[in-house]
Amino acid sequence: MKYKLTLKCDSSLEGWGSVIENSSLAANGRWSHSESMCHINYLEIKAVLFGLQSLCSDLTNCNIKVLSDNQTAVSYLRNMAADVNPDPSPRCQERPSPLPQAPTDWLSCVRKSLQLQGITGETLNIIIDSWRESTQKQYRSSISAWITYCKEQKISITTPSLPQLLDFLTLQSKKLSYSALGTTRSALSSFINIDGFKVGEHPIISRFMSGAFNRKPTFPRYVETRNPQIVLSHLKGYPDTKEMSLKQLTLKLTMILALVTAQRTQTLKLLSINDMQSKDGEYVFQITSILKQTSAHGGRQRHLPPIVLKKYDHDKTLCVFTLLQEYLISTSNLRGSCSQLLICHCKPHGSASKDTISRWLKQVMLDAGINTSVFKPHSTRSAATSAAKSADVPLDEIMTTAGWRSSSVFAVYYNKPLLNDSSFANSVLGKN
């Protein structure tokens, strides 16, 4: 008989362990208190069960050779006496739920990988929480494609060989851009190790990614950015603050906020009147939620500093303080219990989503004559910071305002020459 692999299993009254022969793949665990009271014969058989579930659950239509040093367990397995209890005493009637079967999504893949390393319970959950929801969402399609491929090819989802993984990446490189292929590599790196390397750090896979880039290079969306003065000139044409409709007031405030703070729509959505302080000539907002740039490794800069919105006396039509003041008055009877600063200007006036805020920015850009097929709402961040840099605002102030810890982020992704080419807000709004 030809065996796919040989599985060695063993148990004691404290725990169990299994290993695939001639492989580094292993699994182990400790028995619960009730399990440790069972007969050793029962535990030896259960060690085989857990070993198969942990290391071989994604194998089908094959023979597996199981080695055990317990003669009762060997005899039991040879006879396939599935309805016989090797220890009929009542203390062994409890049958704890089995380990998860073959992974079906990214989360179950990560869980299985951690369980194979003996990590369980709350510790496992804390480690999983290190991946934010947005990252998990980004990984889903990549891992769905990987699981489908593994099932079709009948290969292990969590412990593939290097050639098997490269074959999958080669197939994906024909369908995906280099950037999307990089996302797939990162997703696989979260639970697969090959030859002691994470997928993304394996030298051959790194070389493969270099070749994929040379075949299908990516270029930045923007080589230059729009001048914010185009939008600001358009906003100056809005009616007086007290004469604007709620829609006009909302759109103008949102665009001015995006420009003078250089923040993403994620941050604008999180502005809350509960975390707002009104001082003489300024509003101060504390951001108490986790943002994209929030990092446990940021030291004192791990969180975004308070957002300060000051009066702009140089041109009151662009004064964010005046606009916000009027907006708070206009929405006070509409927001009910909603504490989010930006609410929908249409009934029922609920909190504005990130997509809604992005749509508002796009509408203002479109009305101002900006080509929105080229410049997306996120380009507001690049336009604001580039304008500040052109006005000789210190780099430290630009980085602090935008929430960057490294100047290279600004230099590589945001610092673009302006089309038509000492505070951040004043420079963006056009004061010399």
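Visitor: Leaving aside neighbours within four places in sequence, which residues is Y283 in contact with?
Guide: This is a predicted model. Y283 is found in strand β8. Leaving aside residues within four places in sequence, the contacts of Y283 are M276, Q277, S278, I307, V308, L309, F321, L324, Q325 and L328.

Visitor: Is Y283 buried or exposed?
Guide: Buried means under 20% relative accessible area. Y283 has a relative accessible area of 5%, so Y283 is buried.

Visitor: How many Å apart in space are Y283 and I307, C-alpha to C-alpha?
Guide: I307 is among the residues in contact with Y283. In sequence the two are 24 residues apart. From C-alpha to C-alpha, Y283 and I307 are separated by 8.2 Å.

Visitor: In which sense do β8 and β9 pair, parallel or antiparallel?
Guide: Strand β8 covers residues 282-285, and β9 covers residues 307-310. One bridge partnership is F285 with I307 of β9. Over 4 bridges, the pairing of β8 and β9 is antiparallel.

Visitor: Which residues make up the covered face of β9?
Guide: In a regular strand, side chains alternate between the two faces of the sheet. In β9, V308 and K310 are on the uncovered face. The covered face holds I307 and L309.

Visitor: What is the strand order in the open sheet of 4 strands?
Guide: The pairing in this sheet is mixed. Its edge strands, each pairing on one side only, are β3 (26-30) and β4 (64-67). From one strand to the next, the twist averages 15°. The order is β3-β2-β1-β4.

Visitor: In β4, what is the bridge partner of L5?
Guide: Strand β1 spans residues 5-11. β1 and β4 run parallel and are joined by 4 bridges. In β4, the partner of L5 is I64.

Visitor: Are α4 and α5 roughly parallel or oblique to each other?
Guide: Helix α4 (residues 106-116) and helix α5 (residues 121-128) pack with their axes 11 Å apart, at an angle of about 130°. Angles from 65 to 115 degrees count as roughly perpendicular and those over 145 as roughly antiparallel. The angle of about 130° fits neither range. The two helices are therefore oblique.

Visitor: How do the residues of the contact of α4 with α5 divide into nonpolar, polar and charged?
Guide: α4 passes α5 in a right-handed crossing. From α4 come L107, V110, R111, L114 and Q115. From α5 come L124, N125, I127 and I128. The division is 6 nonpolar, 2 polar and 1 charged.

Visitor: How is α7 oriented to α9, roughly parallel or oblique?
Guide: Helix α7 (residues 162-173) and helix α9 (residues 203-215) have axes that come within 11 Å and cross at roughly 15°. Angles under 35 degrees count as roughly parallel. That is why α7 and α9 are roughly parallel.

Visitor: Which residues of α9 make the contact with α7?
Guide: α7 passes α9 in a right-handed crossing. α7 contributes L162, L165, L166, L169 and T170. The contact residues divide into 7 nonpolar, 1 polar and no charged. Those from α9 are I204, I205 and F208.

Visitor: Which residues does H202 touch, not counting those up to four places away in sequence?
Guide: H202 lies in the loop between β6 (197-198) and α9. With a relative accessible area of 3%, H202 is buried. The residues touched by H202 are L162, I194, D195 and F197.

Visitor: How many Å separate the C-alpha atoms of S379 and P228?
Guide: S379 sits in helix α15 (residues 379-390). S379 counts as buried, at 0% relative accessibility. S379 and P228 are 151 residues apart along the chain. Their C-alpha atoms are separated by 10.0 Å.

Visitor: Which residues does a cis peptide bond join?
Guide: Most peptide bonds are trans. Here one is cis, with omega about 10°. P348, in the loop between α13 (320-331) and α14 (354-367), is one of the two residues. The bond joins K347 and P348.

Visitor: What is the phi of A262?
Guide: Most residues other than glycine have a negative phi. A262 lies in the loop between α11 (246-261) and α12 (265-270), and is buried at 0% relative accessible area. A262 is not a glycine, yet its phi is positive, about 55°.

Methods
Residues numbered from 1 in each chain as written. Predicted model: local features only at pLDDT ≥ 70, side-chain atom pairs only at ≥ 80, totals over all residues. Heavy atoms only, no water. Buried < 20%, exposed > 50% of the residue type's maximum accessible area, 1.4 Å probe, protein only. Pairing = 2+ DSSP bridges. Axes fitted to C-alpha atoms, helices over the stretch in contact; angles between N-to-C directions. Left-handed = near helix turned anticlockwise from the far one by under 90°. Contact = heavy atoms within 4.5 Å. Nonpolar A, V, L, I, M, F, W, Y, C, P; charged D, E, K, R; others polar.
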